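Biologist: I'd like a close look at a single part of this one, with enough of the surroundings to place it. Could you pull it up and talk me through it?

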Amino acid sequence: QVQLVESGGGLVQAGGSLRLSCAASGRTARTSAMGWFRQALGKSREFVAAITWTGSDKYYADSVTDRFTASRDNAKNTFYLQMNSLKPEDTAIYYCTSGSRFLPFASDYWGQGTQVTVSA
């Protein structure tokens, strides 16, 4: 199994920034990519971003392109989602997930989620 521990959520004003972290451990040898999804209250979970395990390729949902950046720290097996120019519609629980395929992204394991709230 792969264990994923997220951190970094919180409350921020519109236009502000947050950085989410996702520490991966366990049996990560078969992990091809990491993904970020979000789920707003009353809505379905939606894809946000994906990054290959090596960090060489990234892909973003149209709604976050040019505002969010996925990255990784090789030494720590930790993945990040830098979120800039946040909007109230970005408010959601954000989940990181390990994947067996980059695109289309295929999830295997999920983190516990972290709340991001953007006030107007």
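Biologist: Let's zoom in on S21: is S21 buried or exposed, and what is its relative accessible area?

Modeller: Bear in mind that this is a predicted model. S21 has a relative accessible area of 14%, and since the cut-off for buried is under 20%, S21 counts as buried. As for where that puts us, S21 sits in strand β3, which covers residues 18-26.

Now for the company S21 keeps. Leaving aside residues up to four places away in sequence, S21 touches V5, E6 and S7, then W36, and further along T78, F79 and Y80. To place those names, look at the strands that pair with β3. Strand β1, residues 2-7, pairs with β3 in the antiparallel sense, over 6 bridges. Strand β8, residues 78-83, is also antiparallel to β3, and 6 bridges join the two. For a landmark on the β1 pairing, take E6, which stands opposite C22 in β3. For one on the β8 pairing, take R19, whose bridge partner in β8 is Q82.

R19 makes a good companion to S21. R19 is in strand β3 too, but R19 is partly exposed, with a relative accessible area of 46%, whereas S21 is buried at 14%. With residues up to four places away in sequence set aside, R19 touches S7, G8, Y80, L81 and Q82. Put the two contact lists together and you'll find S7 and Y80 touching S21 and touching R19 as well. If you want a longer reach across the model, R19 and T65 are 46 residues apart in sequence, and their C-alpha atoms are 15 Å apart.

Stepping back to the whole chain, there are 11 strands and 0 helices, so the pattern along the sequence is simply β after β. The radius of gyration is 13 Å, close to the 14 Å that the globule rule gives for 120 residues, so the chain is as compact as a globular protein of that length. Taken along the principal axes, the C-alpha atoms fill a box of roughly 40 × 25 × 25 Å. S21 has plenty of buried company, too: 44% of the 120 residues count as buried. Among contacts with a separation of 6 or more, 54% come from residues 24 or more positions apart. The accessible surface comes to about 6200 Å², and carbon and sulfur atoms account for 47% of that. On the charge side, there are 12 positive and 9 negative side chains, with the centres of the two sets 6 Å apart.

While you're rotating the model, a few loops deserve a stop. In the loop between β6 (58-60) and β7 (68-73) you'll find D66, with a positive phi near 75° despite not being a glycine. D66 is exposed, with a relative accessible area of 79%. The loop between β8 and β9 holds S85, another residue that is not a glycine but has a positive phi, this one about 50°. S85 is partly exposed, at 41% relative accessible area. Last stop: the peptide bond from L103 to P104 is cis, with omega near -15°, and P104 lies in the loop between β9 (92-101) and β10 (106-110).

Notes
Residues numbered from 1 in each chain as written. Predicted model: local features only at pLDDT ≥ 70, side-chain atom pairs only at ≥ 80, totals over all residues. Heavy atoms only, no water. Helix = DSSP H or I, 4+ residues; strand = E, 2+ residues; numbered from the N terminus. Rg over C-alpha atoms; globule rule 2.2 N^0.38 Å. Buried < 20%, exposed > 50% of the residue type's maximum accessible area, 1.4 Å probe, protein only. Contact = heavy atoms within 4.5 Å. Areas by Shrake-Rupley, 256 points an atom, 1.4 Å probe, with all protein chains shown as cover. Lys, Arg positive; Asp, Glu negative; His and termini not counted. Charge placed at Lys NZ, Arg CZ, Asp CG, Glu CD. Pairing = 2+ DSSP bridges.
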